[in-house]
Amino acid sequence: MSQKNIKLLIPVLIALVIWFIPAPEGLTQDSWRYLGIFIAVIIGLILEPIPAALIGFVGISFVAAVGLVGGSGESIKWALSGFSNTTIWLIFAAFMFAAGYKKTGLGKRISLLMVKYMGKSSLGLGYAVAFSDLALAPFMPSNTARSGGTIYPVAIHIPEIFGSYPDKEPRKLGAYISVAIASTCVTSSMFLTALAPNVLAVGMVAQHDAHIIVPWMEWAKIMLPLMIPLFLLTPWLTYVVYPPTQKKSPEAPAWAAEELKKLGGVTFKEYLMLGLALVALILWIFGEDVGINSTTTAIAVVSVIILSGILTWDDLLSDKAAFNVFIWFATLVALADGLKKVGLIKYLESNISSVFTDINVTSAVIALIVIFYILHYFFASTTAHVSALVPVFITIAVTILPAEQVLPFTILLLGSLGVMGIITPYGCGPSPIWYGAGYISQAKWWSLGAIFGTIYLIPIIIGVFIFL
(Lines give C-alpha, C1' and ligand atoms only; values in the text may rest on other atoms or scores of the structure.)
Protein backbone atom coordinates (compact mmCIF):
# COMPACT_ATOMS: atom_id res chain seq x y z
CA MET A 1 0.00 0.00 0.00
CA SER A 2 1.39 3.40 -0.95
CA GLN A 3 2.18 6.06 1.65
CA LYS A 4 -0.57 8.25 0.20
CA ASN A 5 -3.18 5.52 0.65
CA ILE A 6 -2.03 4.89 4.22
CA LYS A 7 -2.39 8.60 4.99
CA LEU A 8 -5.86 8.53 3.45
CA LEU A 9 -6.87 5.43 5.40
CA ILE A 10 -5.84 6.73 8.84
CA PRO A 11 -8.49 9.50 9.18
CA VAL A 12 -11.14 7.19 7.69
CA LEU A 13 -10.37 4.50 10.27
CA ILE A 14 -10.42 7.06 13.09
CA ALA A 15 -13.86 8.26 11.98
CA LEU A 16 -15.14 4.68 11.74
CA VAL A 17 -13.85 3.71 15.19
CA ILE A 18 -15.46 6.75 16.84
CA TRP A 19 -18.66 6.20 14.82
CA PHE A 20 -19.29 2.81 16.44
CA ILE A 21 -18.21 3.70 19.99
CA PRO A 22 -21.15 4.60 22.25
CA ALA A 23 -21.34 8.33 23.03
CA PRO A 24 -20.18 9.41 26.49
CA GLU A 25 -22.77 10.60 28.96
CA GLY A 26 -24.03 14.07 28.10
CA LEU A 27 -23.63 13.71 24.32
CA THR A 28 -26.04 12.37 21.74
CA GLN A 29 -24.81 9.69 19.36
CA ASP A 30 -25.04 12.16 16.45
CA SER A 31 -22.92 14.70 18.35
CA TRP A 32 -20.32 12.04 19.09
CA ARG A 33 -20.23 10.93 15.48
CA TYR A 34 -19.90 14.54 14.36
CA LEU A 35 -16.86 14.84 16.62
CA GLY A 36 -15.40 11.76 14.94
CA ILE A 37 -15.80 13.36 11.50
CA PHE A 38 -14.30 16.62 12.77
CA ILE A 39 -11.27 14.82 14.26
CA ALA A 40 -10.85 12.85 11.02
CA VAL A 41 -10.82 16.13 9.04
CA ILE A 42 -8.15 17.59 11.33
CA ILE A 43 -6.00 14.45 11.04
CA GLY A 44 -6.50 14.64 7.28
CA LEU A 45 -5.33 18.26 7.25
CA ILE A 46 -2.21 17.25 9.17
CA LEU A 47 -1.39 14.26 6.94
CA GLU A 48 -2.81 15.83 3.74
CA PRO A 49 -3.19 12.69 1.58
CA ILE A 50 -5.41 14.75 -0.74
CA PRO A 51 -5.68 18.55 -1.19
CA ALA A 52 -6.67 20.28 2.06
CA ALA A 53 -9.69 22.01 0.51
CA LEU A 54 -11.01 18.65 -0.69
CA ILE A 55 -10.67 17.21 2.82
CA GLY A 56 -12.92 19.94 4.24
CA PHE A 57 -15.33 19.64 1.33
CA VAL A 58 -15.66 15.87 1.81
CA GLY A 59 -16.19 16.43 5.55
CA ILE A 60 -19.13 18.81 5.20
CA SER A 61 -20.59 16.74 2.36
CA PHE A 62 -20.60 13.57 4.47
CA VAL A 63 -22.08 15.31 7.52
CA ALA A 64 -24.83 16.84 5.38
CA ALA A 65 -25.52 13.54 3.59
CA VAL A 66 -26.05 11.56 6.82
CA GLY A 67 -27.92 14.42 8.50
CA LEU A 68 -25.83 14.87 11.63
CA VAL A 69 -26.73 18.58 11.81
CA GLY A 70 -30.54 18.56 11.81
CA GLY A 71 -32.66 17.30 8.92
CA SER A 72 -31.65 17.22 5.26
CA GLY A 73 -32.74 20.83 4.61
CA GLU A 74 -31.02 22.20 7.69
CA SER A 75 -27.87 20.15 7.03
CA ILE A 76 -27.30 21.52 3.53
CA LYS A 77 -27.87 25.09 4.71
CA TRP A 78 -25.27 24.49 7.40
CA ALA A 79 -22.83 22.87 4.94
CA LEU A 80 -22.96 25.87 2.61
CA SER A 81 -23.04 28.52 5.36
CA GLY A 82 -19.27 29.05 5.25
CA PHE A 83 -19.46 30.21 1.63
CA SER A 84 -21.60 33.19 2.65
CA ASN A 85 -19.36 34.09 5.57
CA THR A 86 -18.01 37.65 5.26
CA THR A 87 -14.66 36.65 6.74
CA ILE A 88 -14.09 34.11 3.97
CA TRP A 89 -14.80 36.76 1.34
CA LEU A 90 -12.33 39.10 3.05
CA ILE A 91 -9.64 36.42 2.71
CA PHE A 92 -10.51 35.88 -0.96
CA ALA A 93 -10.40 39.62 -1.67
CA ALA A 94 -7.04 39.94 0.08
CA PHE A 95 -5.62 37.28 -2.23
CA MET A 96 -6.60 39.54 -5.12
CA PHE A 97 -4.61 42.35 -3.46
CA ALA A 98 -1.60 40.03 -3.40
CA ALA A 99 -2.11 39.19 -7.08
CA GLY A 100 -2.19 42.92 -7.86
CA TYR A 101 1.11 43.48 -6.04
CA LYS A 102 2.68 40.65 -8.00
CA LYS A 103 1.32 41.48 -11.46
CA THR A 104 2.19 45.17 -11.30
CA GLY A 105 5.66 44.40 -9.90
CA LEU A 106 5.02 46.69 -6.94
CA GLY A 107 5.93 44.02 -4.37
CA LYS A 108 9.25 43.26 -6.04
CA ARG A 109 10.03 46.98 -6.46
CA ILE A 110 9.44 47.63 -2.75
CA SER A 111 11.82 44.81 -1.81
CA LEU A 112 14.54 46.02 -4.20
CA LEU A 113 14.23 49.61 -2.96
CA MET A 114 14.73 48.41 0.60
CA VAL A 115 17.89 46.53 -0.41
CA LYS A 116 19.18 49.50 -2.40
CA TYR A 117 18.91 51.97 0.47
CA MET A 118 19.49 49.70 3.49
CA GLY A 119 21.72 46.91 2.20
CA LYS A 120 25.27 48.26 2.68
CA SER A 121 25.84 45.92 5.61
CA SER A 122 24.60 42.44 6.47
CA LEU A 123 22.56 43.86 9.34
CA GLY A 124 21.12 46.45 6.98
CA LEU A 125 20.13 43.68 4.57
CA GLY A 126 18.32 41.95 7.42
CA TYR A 127 16.34 45.11 8.10
CA ALA A 128 15.70 45.62 4.37
CA VAL A 129 14.18 42.15 4.13
CA ALA A 130 12.15 42.71 7.31
CA PHE A 131 10.76 46.10 6.22
CA SER A 132 9.91 44.73 2.79
CA ASP A 133 7.72 42.17 4.53
CA LEU A 134 6.21 44.83 6.79
CA ALA A 135 5.26 47.01 3.82
CA LEU A 136 3.28 44.15 2.29
CA ALA A 137 1.87 42.53 5.43
CA PRO A 138 -1.39 44.49 5.94
CA PHE A 139 -2.54 43.68 2.41
CA MET A 140 -1.28 40.13 1.85
CA PRO A 141 -3.00 37.51 4.05
CA SER A 142 -0.86 34.74 2.62
CA ASN A 143 2.53 34.90 4.29
CA THR A 144 3.53 32.23 1.79
CA ALA A 145 2.81 34.61 -1.09
CA ARG A 146 4.37 37.51 0.80
CA SER A 147 7.55 35.92 2.07
CA GLY A 148 7.90 32.89 -0.18
CA GLY A 149 6.50 34.35 -3.39
CA THR A 150 7.59 38.00 -3.28
CA ILE A 151 10.55 38.45 -0.95
CA TYR A 152 12.29 35.08 -1.32
CA PRO A 153 12.96 35.40 -5.09
CA VAL A 154 14.68 38.75 -4.46
CA ALA A 155 16.51 37.98 -1.21
CA ILE A 156 17.81 34.53 -2.11
CA HIS A 157 20.03 35.95 -4.89
CA ILE A 158 21.88 38.29 -2.53
CA PRO A 159 24.12 35.68 -0.80
CA GLU A 160 25.29 34.43 -4.20
CA ILE A 161 26.82 37.85 -4.90
CA PHE A 162 29.24 37.14 -2.06
CA GLY A 163 29.87 33.48 -2.91
CA SER A 164 27.61 32.16 -0.15
CA TYR A 165 25.83 28.97 -1.20
CA PRO A 166 24.11 26.16 0.74
CA ASP A 167 27.12 23.89 0.17
CA LYS A 168 29.78 26.60 0.28
CA GLU A 169 30.09 29.12 3.13
CA PRO A 170 26.38 29.17 4.07
CA ARG A 171 27.17 31.15 7.22
CA LYS A 172 28.84 33.90 5.19
CA LEU A 173 25.48 35.50 4.41
CA GLY A 174 22.90 32.97 3.20
CA ALA A 175 21.92 31.66 6.62
CA TYR A 176 21.44 35.20 7.93
CA ILE A 177 19.17 36.19 5.04
CA SER A 178 16.80 33.56 6.38
CA VAL A 179 15.94 36.27 8.95
CA ALA A 180 13.10 36.76 6.48
CA ILE A 181 11.14 33.85 7.94
CA ALA A 182 11.57 35.21 11.47
CA SER A 183 10.34 38.63 10.36
CA THR A 184 7.32 37.33 8.47
CA CYS A 185 6.20 35.42 11.56
CA VAL A 186 6.18 38.69 13.51
CA THR A 187 4.38 40.70 10.81
CA SER A 188 1.83 37.87 10.54
CA SER A 189 0.85 38.64 14.13
CA MET A 190 0.94 42.43 13.76
CA PHE A 191 -2.09 42.78 11.49
CA LEU A 192 -5.37 40.89 11.34
CA THR A 193 -5.10 40.75 7.55
CA ALA A 194 -1.44 39.63 7.47
CA LEU A 195 -2.26 35.93 7.88
CA ALA A 196 -5.24 34.09 6.46
CA PRO A 197 -5.68 31.86 9.56
CA ASN A 198 -5.99 35.06 11.64
CA VAL A 199 -9.06 36.00 9.63
CA LEU A 200 -10.37 32.44 9.70
CA ALA A 201 -10.05 32.33 13.49
CA VAL A 202 -11.82 35.69 13.81
CA GLY A 203 -14.67 34.30 11.74
CA MET A 204 -14.88 31.27 14.02
CA VAL A 205 -15.03 33.25 17.26
CA ALA A 206 -17.71 35.50 15.76
CA GLN A 207 -19.88 32.39 15.39
CA HIS A 208 -19.27 31.31 18.99
CA ASP A 209 -22.19 31.58 21.41
CA ALA A 210 -20.41 34.59 22.94
CA HIS A 211 -20.43 36.36 19.52
CA ILE A 212 -16.90 37.75 19.89
CA ILE A 213 -16.35 40.38 17.18
CA VAL A 214 -12.72 41.34 16.52
CA PRO A 215 -12.45 44.56 14.46
CA TRP A 216 -9.26 45.24 12.51
CA MET A 217 -8.43 48.25 14.66
CA GLU A 218 -8.97 46.45 17.98
CA TRP A 219 -6.48 43.81 16.85
CA ALA A 220 -3.99 46.56 15.92
CA LYS A 221 -4.42 48.37 19.26
CA ILE A 222 -3.28 45.28 21.13
CA MET A 223 -0.89 43.53 18.76
CA LEU A 224 1.04 46.50 17.32
CA PRO A 225 2.41 47.72 20.70
CA LEU A 226 3.52 44.16 21.44
CA MET A 227 4.90 43.28 18.02
CA ILE A 228 6.63 46.49 16.88
CA PRO A 229 9.48 46.19 19.45
CA LEU A 230 9.81 42.50 18.55
CA PHE A 231 9.87 43.32 14.84
CA LEU A 232 12.61 45.94 15.32
CA LEU A 233 14.60 43.53 17.47
CA THR A 234 14.40 40.49 15.16
CA PRO A 235 17.09 41.30 12.51
CA TRP A 236 19.53 42.37 15.24
CA LEU A 237 18.66 39.34 17.35
CA THR A 238 19.31 37.01 14.40
CA TYR A 239 22.59 38.88 13.79
CA VAL A 240 23.64 38.14 17.37
CA VAL A 241 22.30 34.60 17.77
CA TYR A 242 23.42 33.30 14.35
CA PRO A 243 25.77 35.97 12.97
CA PRO A 244 26.93 36.07 9.35
CA THR A 245 30.67 36.02 8.73
CA GLN A 246 30.16 38.64 5.97
CA LYS A 247 29.58 41.88 7.86
CA LYS A 248 29.57 44.34 4.95
CA SER A 249 27.62 44.05 1.70
CA PRO A 250 28.52 47.00 -0.56
CA GLU A 251 27.65 45.01 -3.69
CA ALA A 252 24.02 44.43 -2.65
CA PRO A 253 22.77 48.01 -3.22
CA ALA A 254 24.44 48.08 -6.64
CA TRP A 255 22.80 44.79 -7.56
CA ALA A 256 19.40 46.06 -6.39
CA ALA A 257 19.86 49.29 -8.38
CA GLU A 258 20.62 47.23 -11.50
CA GLU A 259 17.51 45.10 -10.94
CA LEU A 260 15.42 48.26 -10.51
CA LYS A 261 16.73 49.53 -13.85
CA LYS A 262 15.51 46.33 -15.46
CA LEU A 263 12.07 46.97 -13.97
CA GLY A 264 12.01 50.45 -15.49
CA GLY A 265 10.15 53.46 -14.14
CA VAL A 266 7.21 53.21 -11.77
CA THR A 267 4.11 52.55 -13.85
CA PHE A 268 0.69 54.12 -13.46
CA LYS A 269 -0.71 50.75 -12.40
CA GLU A 270 1.86 50.49 -9.62
CA TYR A 271 0.87 53.94 -8.33
CA LEU A 272 -2.79 52.97 -8.61
CA MET A 273 -2.23 49.68 -6.80
CA LEU A 274 -0.40 51.47 -4.01
CA GLY A 275 -3.17 54.08 -3.76
CA LEU A 276 -5.91 51.44 -3.60
CA ALA A 277 -3.99 49.49 -0.97
CA LEU A 278 -3.71 52.63 1.18
CA VAL A 279 -7.42 53.37 0.74
CA ALA A 280 -8.22 49.83 1.87
CA LEU A 281 -5.91 50.16 4.88
CA ILE A 282 -7.48 53.48 5.93
CA LEU A 283 -10.99 52.02 5.64
CA TRP A 284 -10.00 48.88 7.54
CA ILE A 285 -8.77 51.11 10.35
CA PHE A 286 -11.54 53.72 10.41
CA GLY A 287 -14.34 52.24 8.29
CA GLU A 288 -16.19 50.55 11.13
CA ASP A 289 -16.64 53.97 12.77
CA VAL A 290 -18.63 55.18 9.76
CA GLY A 291 -20.47 51.94 9.12
CA ILE A 292 -18.26 50.44 6.39
CA ASN A 293 -17.56 46.75 6.95
CA SER A 294 -14.02 45.46 6.34
CA THR A 295 -15.23 42.92 3.79
CA THR A 296 -17.25 45.61 1.99
CA THR A 297 -14.07 47.64 1.69
CA ALA A 298 -12.13 44.65 0.38
CA ILE A 299 -14.57 43.55 -2.31
CA ALA A 300 -15.16 47.17 -3.42
CA VAL A 301 -11.42 47.74 -3.84
CA VAL A 302 -11.08 44.44 -5.71
CA SER A 303 -13.81 45.62 -8.09
CA VAL A 304 -11.77 48.76 -8.81
CA ILE A 305 -8.60 46.69 -9.21
CA ILE A 306 -10.31 44.67 -11.95
CA LEU A 307 -12.16 47.56 -13.60
CA SER A 308 -8.92 49.58 -13.76
CA GLY A 309 -7.09 46.76 -15.52
CA ILE A 310 -4.58 46.05 -12.74
CA LEU A 311 -6.05 42.56 -12.84
CA THR A 312 -8.36 41.14 -15.47
CA TRP A 313 -11.43 39.03 -14.82
CA ASP A 314 -9.47 36.08 -16.21
CA ASP A 315 -6.74 36.77 -13.63
CA LEU A 316 -9.35 36.44 -10.90
CA LEU A 317 -10.86 33.26 -12.37
CA SER A 318 -7.44 31.68 -12.86
CA ASP A 319 -6.17 32.34 -9.32
CA LYS A 320 -6.25 28.74 -8.12
CA ALA A 321 -4.68 29.58 -4.77
CA ALA A 322 -7.42 32.08 -3.93
CA PHE A 323 -10.25 29.70 -4.85
CA ASN A 324 -8.52 26.83 -3.08
CA VAL A 325 -8.31 28.85 0.15
CA PHE A 326 -11.88 30.12 -0.32
CA ILE A 327 -13.30 26.57 -0.48
CA TRP A 328 -10.94 25.26 2.20
CA PHE A 329 -11.69 27.95 4.76
CA ALA A 330 -15.44 28.06 4.00
CA THR A 331 -15.72 24.35 4.83
CA LEU A 332 -13.66 24.75 8.00
CA VAL A 333 -15.82 27.64 9.21
CA ALA A 334 -18.90 25.47 8.69
CA LEU A 335 -17.32 22.51 10.49
CA ALA A 336 -16.33 24.69 13.45
CA ASP A 337 -19.85 26.14 13.58
CA GLY A 338 -21.18 22.59 13.56
CA LEU A 339 -19.43 21.91 16.88
CA LYS A 340 -21.78 24.44 18.43
CA LYS A 341 -24.87 23.24 16.58
CA VAL A 342 -24.55 19.62 17.73
CA GLY A 343 -23.85 20.62 21.36
CA LEU A 344 -20.14 19.77 21.56
CA ILE A 345 -19.07 23.27 22.61
CA LYS A 346 -21.55 23.27 25.49
CA TYR A 347 -20.32 19.82 26.51
CA LEU A 348 -16.70 21.01 26.54
CA GLU A 349 -17.74 24.08 28.48
CA SER A 350 -19.25 21.88 31.17
CA ASN A 351 -16.50 19.26 31.38
CA ILE A 352 -13.15 20.94 30.61
CA SER A 353 -13.52 24.46 31.97
CA SER A 354 -13.59 23.22 35.59
CA VAL A 355 -9.89 22.37 35.29
CA PHE A 356 -9.08 26.08 34.88
CA THR A 357 -11.66 27.54 37.26
CA ASP A 358 -9.78 26.17 40.27
CA ILE A 359 -6.68 28.30 39.63
CA ASN A 360 -5.94 32.02 39.55
CA VAL A 361 -7.45 33.71 36.46
CA THR A 362 -4.14 35.20 35.31
CA SER A 363 -2.38 31.86 35.69
CA ALA A 364 -5.22 30.15 33.83
CA VAL A 365 -5.02 32.64 30.94
CA ILE A 366 -1.24 32.28 30.65
CA ALA A 367 -1.58 28.48 30.78
CA LEU A 368 -4.15 28.56 27.96
CA ILE A 369 -1.92 30.72 25.75
CA VAL A 370 1.23 28.67 26.43
CA ILE A 371 -0.54 25.34 25.79
CA PHE A 372 -2.14 26.74 22.61
CA TYR A 373 1.30 27.91 21.46
CA ILE A 374 3.24 24.73 22.27
CA LEU A 375 0.64 22.51 20.62
CA HIS A 376 1.70 24.02 17.29
CA TYR A 377 4.60 21.56 17.31
CA PHE A 378 1.99 18.94 16.34
CA PHE A 379 0.57 20.91 13.41
CA ALA A 380 2.07 21.38 9.97
CA SER A 381 -0.75 23.79 9.16
CA THR A 382 -1.78 26.91 11.05
CA THR A 383 -5.23 26.43 9.56
CA ALA A 384 -5.50 22.95 11.05
CA HIS A 385 -4.32 24.39 14.37
CA VAL A 386 -7.06 27.03 14.23
CA SER A 387 -9.78 24.57 13.26
CA ALA A 388 -8.89 22.04 15.94
CA LEU A 389 -8.13 24.26 18.92
CA VAL A 390 -9.67 27.73 18.67
CA PRO A 391 -13.28 26.67 19.45
CA VAL A 392 -12.13 24.72 22.52
CA PHE A 393 -9.83 27.40 23.93
CA ILE A 394 -12.34 30.20 23.38
CA THR A 395 -15.05 28.15 25.10
CA ILE A 396 -12.83 27.70 28.16
CA ALA A 397 -11.90 31.41 28.18
CA VAL A 398 -15.52 32.55 28.01
CA THR A 399 -16.26 30.41 31.06
CA ILE A 400 -13.44 31.66 33.29
CA LEU A 401 -13.06 35.31 32.22
CA PRO A 402 -15.18 38.40 32.94
CA ALA A 403 -17.03 39.55 29.82
CA GLU A 404 -14.85 42.65 29.35
CA GLN A 405 -11.67 40.54 29.22
CA VAL A 406 -12.84 38.05 26.60
CA LEU A 407 -12.04 40.27 23.59
CA PRO A 408 -8.45 41.17 24.60
CA PHE A 409 -7.77 37.53 25.51
CA THR A 410 -9.13 36.42 22.13
CA ILE A 411 -6.85 38.85 20.30
CA LEU A 412 -3.81 37.73 22.31
CA LEU A 413 -4.60 34.06 21.70
CA LEU A 414 -5.20 34.51 17.99
CA GLY A 415 -2.30 36.96 17.76
CA SER A 416 0.05 34.13 18.68
CA LEU A 417 -0.80 32.29 15.45
CA GLY A 418 1.73 34.25 13.43
CA VAL A 419 4.72 34.12 15.75
CA MET A 420 4.28 30.43 16.56
CA GLY A 421 5.16 29.70 12.93
CA ILE A 422 8.86 30.14 13.78
CA ILE A 423 9.16 27.08 15.99
CA THR A 424 9.47 24.33 13.34
CA PRO A 425 10.61 23.93 9.71
CA TYR A 426 6.96 23.28 8.86
CA GLY A 427 5.37 25.80 11.25
CA CYS A 428 3.94 28.11 8.58
CA GLY A 429 3.57 28.30 4.81
CA PRO A 430 6.89 29.98 3.91
CA SER A 431 8.93 27.88 6.38
CA PRO A 432 9.53 24.97 3.96
CA ILE A 433 10.53 27.46 1.25
CA TRP A 434 13.24 29.11 3.34
CA TYR A 435 14.27 25.82 4.92
CA GLY A 436 14.43 24.29 1.45
CA ALA A 437 16.98 26.93 0.41
CA GLY A 438 19.46 24.74 2.29
CA TYR A 439 21.37 27.41 4.19
CA ILE A 440 20.26 26.20 7.64
CA SER A 441 20.43 22.54 8.65
CA GLN A 442 17.38 20.84 10.14
CA ALA A 443 19.03 20.45 13.56
CA LYS A 444 20.00 24.13 13.64
CA TRP A 445 16.53 25.19 12.48
CA TRP A 446 14.92 23.29 15.36
CA SER A 447 17.29 24.83 17.91
CA LEU A 448 16.86 28.35 16.51
CA GLY A 449 13.10 27.76 16.39
CA ALA A 450 13.08 26.90 20.09
CA ILE A 451 15.09 30.04 20.93
CA PHE A 452 13.05 32.41 18.78
CA GLY A 453 9.79 30.67 19.67
CA THR A 454 10.44 31.29 23.36
CA ILE A 455 11.39 34.93 22.77
CA TYR A 456 8.36 35.48 20.52
CA LEU A 457 5.99 34.14 23.18
CA ILE A 458 7.19 36.68 25.76
CA PRO A 459 5.35 39.74 24.29
CA ILE A 460 2.09 37.74 24.20
CA ILE A 461 2.50 36.90 27.90
CA ILE A 462 3.34 40.55 28.66
CA GLY A 463 0.12 41.47 26.85
CA VAL A 464 -1.86 39.44 29.41
CA PHE A 465 -0.66 41.77 32.18
CA ILE A 466 -1.19 44.94 30.11
CA PHE A 467 -4.57 44.31 28.47
CA LEU A 468 -6.38 41.94 30.84
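This passage walks through the overall build of the protein and then some of its individual residues.

The model is a predicted one. Its secondary structure is easy to sum up: the protein has 25 helices and 0 strands. Measured out along its principal axes, the C-alpha trace spans about 70 × 55 × 50 Å. A compact globule of 468 residues would have a radius of gyration near 23 Å, and the protein comes in at 23 Å, so the two agree. Buried residues account for 55% of the 468 residues. As for the outside, the accessible surface adds up to about 18,700 Å², and carbon and sulfur atoms supply 68% of that. Contacts also reach across the sequence: of those with a separation of 6 or more, 79% join residues 24 or more positions apart.

Now for the inside. In soluble globular proteins, nonpolar side chains tend to be buried together. Here, the largest nonpolar core has 163 residues, and the ones with the most contacts inside it are Tyr 34, Ile 369, Trp 434 and Tyr 456. Helix H18 (residues 320-341) gives this core its largest share, 12 residues. H18 itself has 22 residues and runs 31 Å from its first C-alpha to its last, close to the 32 Å expected at 1.5 Å a residue. Just after H18 comes Gly 343, with a positive phi of about 90°. Tyr 34 gives a feel for how the core is put together: leaving out residues up to four places away in sequence, Tyr 34 touches Val 63, Leu 68, Val 69, Trp 78, Ala 334, Leu 335, Gly 338, Leu 339, Val 342 and Leu 344.

Helix H8 (residues 143-155) tells another story. H8 has 13 residues, yet its end C-alpha atoms are only 15 Å apart, short of the 18 Å that a straight helix would reach at 1.5 Å a residue. Several H8 residues are buried, among them Asn 143, Arg 146, Gly 148, Ile 151, Tyr 152 and Val 154.

The loop between H23 and H24 is worth a stop too. Thr 424 is found in this loop, which runs between helix H23 (403-419) and helix H24 (431-436). Is Thr 424 buried or exposed? Thr 424 has a relative accessible area of 0%, so it counts as buried. A polar atom of the Thr 424 side chain lies 2.8 Å from the backbone nitrogen of Gly 427. Setting aside neighbours within four places in sequence, Thr 424 is in contact with Tyr 377, Ser 431, Trp 445 and Trp 446. Ile 422 is found in the loop between H23 and H24 as well. With a relative accessible area of 7%, Ile 422 is buried. Beyond its neighbours within four places in sequence, Ile 422 is in contact with Ile 181, Ala 182, Cys 185, Trp 445, Gly 449, Phe 452, Gly 453 and Tyr 456. Trp 445 thus turns up as a contact of Thr 424 and of Ile 422.

Two buried residues sit in helices elsewhere. Tyr 176 has its place in helix H10 (residues 174-177), and its relative accessible area of 1% makes it buried. Outside its neighbours within four places in sequence, Tyr 176 is in contact with Ser 122, Leu 123, Gly 126, Pro 235, Thr 238, Tyr 239, Tyr 242 and Pro 244. Thr 297 belongs to helix H16 (residues 294-307) and is buried at a relative accessible area of 3%. Apart from residues up to four places away in sequence, Thr 297 touches Ala 280, Leu 283, Trp 284 and Ile 292.

Finally, a look at some backbone angles. Most residues other than glycine have a negative phi. Glu 169, though not a glycine, has a positive phi of about 50°. Glu 169 is found in the loop between helix H9 (158-161) and H10, where its 43% relative accessibility counts as partly exposed. His 211 is another residue other than glycine with a positive phi, near 50°. The loop between helix H12 (196-206) and helix H13 (216-241) holds His 211, and this residue is exposed, with a relative accessible area of 54%.

Conventions
Residues numbered from 1 in each chain as written. Predicted model: local features only at pLDDT ≥ 70, side-chain atom pairs only at ≥ 80, totals over all residues. Heavy atoms only, no water. Helix = DSSP H or I, 4+ residues; strand = E, 2+ residues; numbered from the N terminus. Buried < 20%, exposed > 50% of the residue type's maximum accessible area, 1.4 Å probe, protein only. Polar contact = N/O pair within 3.5 Å; in protein donor to acceptor, adjacent residues only side chain to side chain. Contact = heavy atoms within 4.5 Å. Core = buried A, V, L, I, M, F, W, Y, C linked by side-chain atoms within 4.5 Å. Rg over C-alpha atoms; globule rule 2.2 N^0.38 Å. Areas by Shrake-Rupley, 256 points an atom, 1.4 Å probe, with all protein chains shown as cover. Expected span 1.5 Å × (residues − 1).
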